[in-house]
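Thanks for sharing this one with me. Here are my notes, set out as numbered points so that you can follow along with the structure open.

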Amino acid sequence: MHKWETLSKITKAGLVAVVRATSGEMADSIARACMEGGVGAIEITFTVPGAQEVIAGLSRRYSNQSLLIGAGTVLDEQTARIAIMAGAQFIVSPSLNARTAQLCRRYQIPYMPGAGTATEVVNALEEGADIVKVFPGETLGPAFVKAVLGPLPHAPLMPTGGVTIENAGEWIRAGCVAVGVGGNLTAGAKTGDYASISTTARQFLAKINEARSK
């Protein structure tokens, strides 16, 4: 898949599910539940044990089902390359790493580094970030996005952290191209209630579509 196709799918759907789990099996189950709820992009964080195997397995099973598998919590170029070789279609980092950005450009894989100030957003764009992750979202809030987009209307922003069903629409109306959601989407996995994850995913997508239609 071409880089622009991956970015188009992420921004069109507007939701990236951030998967953190205590085992590869749990991560796999969360991913399947998200997919059943209509999620088209799933980020497997490298805090998951055996994350590269999870990414490889999901990529093999769902490559023909329009499900994008990405890697999160990628701190350096070595981890990024491991993820890409396992099949990751996008790379997400909590902060900017120039060598990771360079590697992603080399392989034409979308790179989404975190930023928490206007300066960090500009630095990320200058390094070739395709989407800038507003992080931590619960601290910054939608008002940060509105403020940054004033002087930087071209910046593609996506918050992660603190995105809920109640405020997802607010983030979109503030100007975000998508939202990244972790625990507020996947909490049901802790009790084995994977059906609730699918239900919650549908609710998030409905809020995103509603905000975009206004």
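1. Let me start with one residue: in which helix does A101 lie? The model is a predicted one, and in it A101 belongs to helix α5, which covers residues 98-107.

2. Is A101 buried or exposed? Its relative accessibility is 2%, and because the cut-off for buried is under 20%, A101 counts as buried.

3. Which residues does A101 touch once its neighbours within four places in sequence are set aside? Those in contact with A101 are Y111 and E127. As for G57, it sits 44 residues from A101 along the chain, and 25 Å separates the two C-alpha atoms.

4. Stepping back to the whole fold, the protein contains ten helices and eight strands. Its radius of gyration is 16 Å, close to the 17 Å given by the globule rule for 214 residues, so the protein is as compact as a globular protein of that length. Along the principal axes, a box of roughly 45 × 40 × 30 Å holds the C-alpha atoms.

5. On packing, 54% of the 214 residues count as buried. If you take the contacts between residues at least 6 apart in sequence, 58% of them join residues at least 24 apart.

6. Last, the surface and the charges. About 9300 Å² of the protein is exposed, with 51% of that supplied by carbon and sulfur atoms. You will find 19 positive and 17 negative side chains, and 4 Å lies between the centres of the two sets.

Conventions. Residues are numbered from 1 along each chain as its sequence is written. This is a predicted model: local features need pLDDT of at least 70, side-chain atom pairs count only at pLDDT 80 or more; totals for chains, interfaces and linings use all residues. Side-chain values use heavy atoms; hydrogens and water are left out. Helices (H or I, at least four residues) and strands (E, at least two) are DSSP runs, numbered from the N terminus. The radius of gyration is taken over C-alpha atoms; the globule rule is 2.2 Å times the number of residues to the power 0.38. Buried means under 20% relative accessible area, exposed over 50%, partly exposed in between (1.4 Å probe, protein chains only). Contact means heavy atoms within 4.5 Å. Accessible areas come from the Shrake-Rupley method with a 1.4 Å probe; for residues, only the protein chains shown count as cover. Lys and Arg count as positive and Asp and Glu as negative; His and the chain ends are not counted. The place of a charge is taken as NZ of Lys, CZ of Arg, CG of Asp or CD of Glu.
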